[in-house]
Amino acid sequence: MSRISPFRRKLAALKYADWKNFDISNRQHIQALVVWLEQTKIRHYSVEARGPLKKTESAKWDECLNDYLEELDSPYRLKSTSSSTNKEDKEQMKAQELEWTYIIDWMLSEAILCEYSDHKDELNERKPIRRKEKTVYELENCGSTKEMNNALKDLCAFLRIPMHPTDNAVTCQTILTFIKDKFNPMSIKNYEEYIKDKVNTQHSKTSNDDDHWVRTQSYKDIIRFYPEMINFSTGDEMVDAATIILRALYIVDVRNAQNQFSEILNFLQKFTSDPKTNAEKGKVGW
Amino acid sequence: MVMFDTVHLKAIDKRETFSGCICCQLLFSLSGKRKLNEALLTFAHFSHIEHSIKKKKQRTMSLGQNRSFSEEARYIKNGPKEFPNLKIIDKGFVPGMRVVGKFYADDQLEKLCMDELQEFSNRNQFGGFLPAVKQIANVAGLPGIVKHSIAMPDVHAGYGFAIGNVAAFDMENPESVVSPGGVGFDINCGVRLLRTNLDYKDVRDIQESVAQALFNHIPVGVGSKGIIPTTPKDLHQALEMGIDWSIRQGYAWAEDKEHCEEYGRMLNADATKVSQRAQKRGLPQMGTLGAGNHYMEVQRVEKIFDKSAAKKMGIDRVNQICVMIHSGSRGLGHQVATDALVKMEKAMARDKIHTNDKQLACARINSEEGKEYLDAMAAAANYAWVNRSSMTFLARFEKKIKDKKRFLCMYTYFLIRKQNIILQAFQKIFKQDADDLDMHVVYDVSHNIAKVEQHMVDGKLMKLLVHRKGSTRAFPPHHPLIPVDYQVIGQPVLIGGTMGTSSFVLTGTEKGMRDTFGSTCHGAGRAMSRNKSRKTLDYKDVLNDLKKQGISIRVASPKLVMEEAPESYKDVTSVVDVCHTAGISKKCIQLKPIAVIKVDNLFIILLLLASSSATKMEK
């Protein structure tokens, strides 16, 4: 995994224009950021007094920065003098980079504090941004002409789904959901694999094959084909069939939730996982 | 009837006084240093023995146990007709039974239990271990027990509780107890089944050479220390987190968690309740198999009884290769149980809890000792899950060996010092490229554990502490606590076989939930004790028998061969059949071992089914 710049979130929060490309090892980037922070966020100096800090080319800039940090009561100072030209000394570079990390991080926190105190009331009233709601298709006005009814009837028969007796909007919505669910690329791929499996295992066809859903016509079929889904009877076959459907939906829901958990765990494992074995430690005998 | 004990008989033979006998000493002092008259001496011994028998009789009479075998047998009856294979132990079989005992057995298994009882009666209920039926009845006398004390067909005598005993205690009842004997010493001993996408034909041709390579390279002797480096801090976290620790550290896949009982973690675990001594024992043993009847087996699917259920488990064809791991919490669990037993003996005296058997040490669930044990037990259970996960990791051998059949490298999981040599051996045998083996955990059951569960008892929902010792949880379809993948088929139950015999996968049923608190058998169960096996069986006969079945043994300790011989165990198939007919679980898959690894304290057994028998079968 690539290393994430520790400042990205803070820079993004402060709406720094170049937040994505900020590089702590680049002196120009740092200087530009320091000047930007003072000019737009911290505003400790008056406009005139900012002159020396703006002169990034000057050799005295480091001293200037240390004075500035002192005035801000920062616990960090730039100790090593500007030696970024000395690229051979890698260790020194590293130490300097670490120094800059502390300073910039502190300055960013300070800037966020200033930003917050400037817009305190406004920020406190903010609510989490709502996700865009899914596009709702306008189905209310789909009408109920004879033509429309017949067309829907055909479509429903083709898709093998029941049709709402009165409200065409409900039927349309159902068709939409069904198509989305069954005809997305993933489902089609799964189905192709399923068919392939089926062909391969044609010879071992048994009574409890999974083809029932194709043939399921009424609630009685549901009870007949999925007896394992219900271990009791309410006495009303319709209710029993509904129970089976609810159970099936519940299983799908839990499966999805379980998949999400596993995905999260897998993602976190990228950070925490560090399995080790040490054959030397294994002891044989006494 | 007068019985001589052996020491006295020897003393009589030698015509000496027996210094341990008070009567003899008395006589000796009376008669000074003169040699005693033989008759007098015999009389002394007689009177002493009669005296001790009288005392014993008085004691047994007070317990109501002075009965002949035929009298005893009257208390054991067949269950109602609608419950096939159910036997009832009536109240009064032992004193103080609060509920009736019951056990599942066919005629043959019942005979084993009755033989045991007869032997005990013939001994005048003296010495030796208590027969399993007595133990079931003793458990029925524990305070707070609900409904029945239930035993599975694989029941055999154990410490306090019989192995195969299920007992539930009402959590609402302040009298209710928790007993370490009801969990066993190997806390959360359990079985894990991994599936692979390999076929038997992929392994058949090489199994002999693999065995030979291993035989040449594995030093005789067990790895008693694991190859997963563990610090005390790691152990502490593992005890609290269970399989979550393994997942965090990268030893387990995220998907493993959902296919473990309790999701691989007991939430009430408290590592601080596990004694330093126990932790010290557990630290180096992480990821090791253990001794005794623990094993790791490479198995092939022999028979599928329930095709759709098997498919849900990812097992879809005969001869698919699976790997079974049977292991527990090692020394750590043992120490936790031992620590608790010591503390509970004191608690029993304090709370005035009376039991028929001293081994049934227990404490009230709400007492400090009870709570402490439950927390420590949960931690030990977590350790066992981490242990099995670590072994799974070693079996999967992720990214370590680029080899299609790399799973066979799990042989090396027992921590072999000269691992490199073995790896080289494998590399010589398998030259193919790496391939995804799809080694998913089918399920992970524990058969030595006590858990708080909700059950319907006489139409009322009750919160119970269910002790399962040598018995496996078998929840029915649609139970909220079983993984979503198995909601329709019921919880998979893994039944480990014995040396060279089949293993089974069962599924839980509604009937089991009603009748046995959702429990079923756990394995074959011993038919004779280890000692008896050693005395009665000849290891050469055992080897010959195995050879006839097409099983060849590469390395073996005669002692372990005898102890773990199929004759020492009940027939696993009939045990499973009894559970199936009784309806407490349903047969799903039968597995047959190809190679078995068993570890004893000193020896590794490697069993191999000769490819000849399999080839015959395929033809």
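**Notes on a predicted two-chain model**

1. Let me start with B:E261, which is buried, with a relative accessible area of 0%. Keep in mind throughout that this is a predicted model. What does the side chain of B:E261 meet in a salt bridge? The partner is B:K451, at 2.4 Å from N to O. This pair links distant parts of the chain, with the two positions 190 residues apart in sequence. B:K451 belongs to strand β13 (residues 448-457) of chain B, while B:E261 sits in the loop between α10 and α11 (276-282). B:K451 is also buried, because its relative accessibility is 2%, under the 20% cut-off. I'd look at this pair early on: both of its residues count as buried.

2. B:D244 and B:K257 are another pair to check, a salt bridge with the closest N and O atoms 2.9 Å apart. Here the two ends lie 13 residues apart in sequence: B:D244 is in helix α9 (residues 243-249) of chain B and B:K257 is in helix α10 (residues 254-258), so the salt bridge ties those parts together. B:D244 has 16% relative accessibility and therefore counts as buried.

3. Now for a pair that crosses between chains. B:D485 and A:R255 meet through their side chains in a salt bridge of 2.5 Å, N to O. On the chain B side, B:D485 lies in the loop between β15 (472-473) and β16 (492-495); on the other side, A:R255 is in helix α12 of chain A. Is B:D485 buried or partly exposed? It is partly exposed, because its relative accessible area is 23%. The pair does not stand by itself, since B:E258 joins A:R255 and B:D485 in a network of salt bridges. Over all chains, a search of the whole structure turns up 30 salt bridges.

4. Helix α12 of chain A deserves a second look, as A:Q269 is found there too. Which residues is A:Q269 in contact with, once neighbours within four places in sequence are left aside? They are B:I247, B:G250, B:A252 and B:A254. A:Q269 counts as buried, at 13% relative accessibility.

5. A:F267 is in that helix as well, which spans residues 237-272, but A:F267 is partly exposed, at 44% relative accessibility. It is part of a nonpolar surface patch with A:F261, A:I264, A:L268 and A:F271. Together these residues have about 520 Å² of accessible area. In soluble globular proteins, nonpolar side chains tend to be buried together.

6. As for chain A overall, there are 12 helices and 1 strand, and the strand comes at the end of the run of elements from the N terminus. Of its 286 residues, 25% count as buried. Chain A exposes about 21300 Å², with carbon and sulfur atoms supplying 54% of that area. Among its contacts between residues at least 6 apart in sequence, 38% join residues at least 24 apart.

7. On to the nonpolar cores. The largest has 99 residues, and those touching the most other members are B:I89, B:F93, B:F103, B:V336, B:Y373 and B:M377. Helix α14 (residues 368-396) of chain B gives the most to this core, namely 12 residues. B:V336 is a handy way in: leaving aside neighbours within four places in sequence, its contacts are B:I187, B:V274, B:A278, B:Y373, B:A376, B:M377 and B:A380. Another core, of 28 residues, lies apart from it and includes A:Y16, A:L37, A:Y45 and A:L108.

8. B:H148 is in strand β4 (residues 145-156) of chain B and counts as buried, at 18% relative accessibility. Not counting residues up to four places away in sequence, it touches B:V99, B:V100, B:K102, B:V166 and B:F517.

9. Finally, confidence. The model scores ipTM 0.74 and pTM 0.68. For chain B the mean pLDDT is 77, with 71% of residues at 70 or more. Where does chain B fall below 50 in pLDDT? Residues 1-7 do, a stretch with 14 contacts beyond near neighbours in sequence. So do residues 398-435, a stretch with 109 such contacts in the model. Where pLDDT is low, the predicted coordinates should not be read in detail.

Note on methods
Residues numbered from 1 in each chain as written. Chains lettered and ligands numbered in written order. Predicted model: local features only at pLDDT ≥ 70, side-chain atom pairs only at ≥ 80, totals over all residues. Heavy atoms only, no water. Patch = residues over 30% accessible without salt bridge, like charges linked within 9 Å, V, L, I, M, F, W, Y side chains within 5 Å. Areas by Shrake-Rupley, 256 points an atom, 1.4 Å probe, with all protein chains shown as cover. Salt bridge = Lys/Arg side-chain N within 4 Å of Asp/Glu carboxyl O. Helix = DSSP H or I, 4+ residues; strand = E, 2+ residues; numbered from the N terminus. Buried < 20%, exposed > 50% of the residue type's maximum accessible area, 1.4 Å probe, protein only. Core = buried A, V, L, I, M, F, W, Y, C linked by side-chain atoms within 4.5 Å. Contact = heavy atoms within 4.5 Å. pLDDT = per-residue confidence, 0-100.
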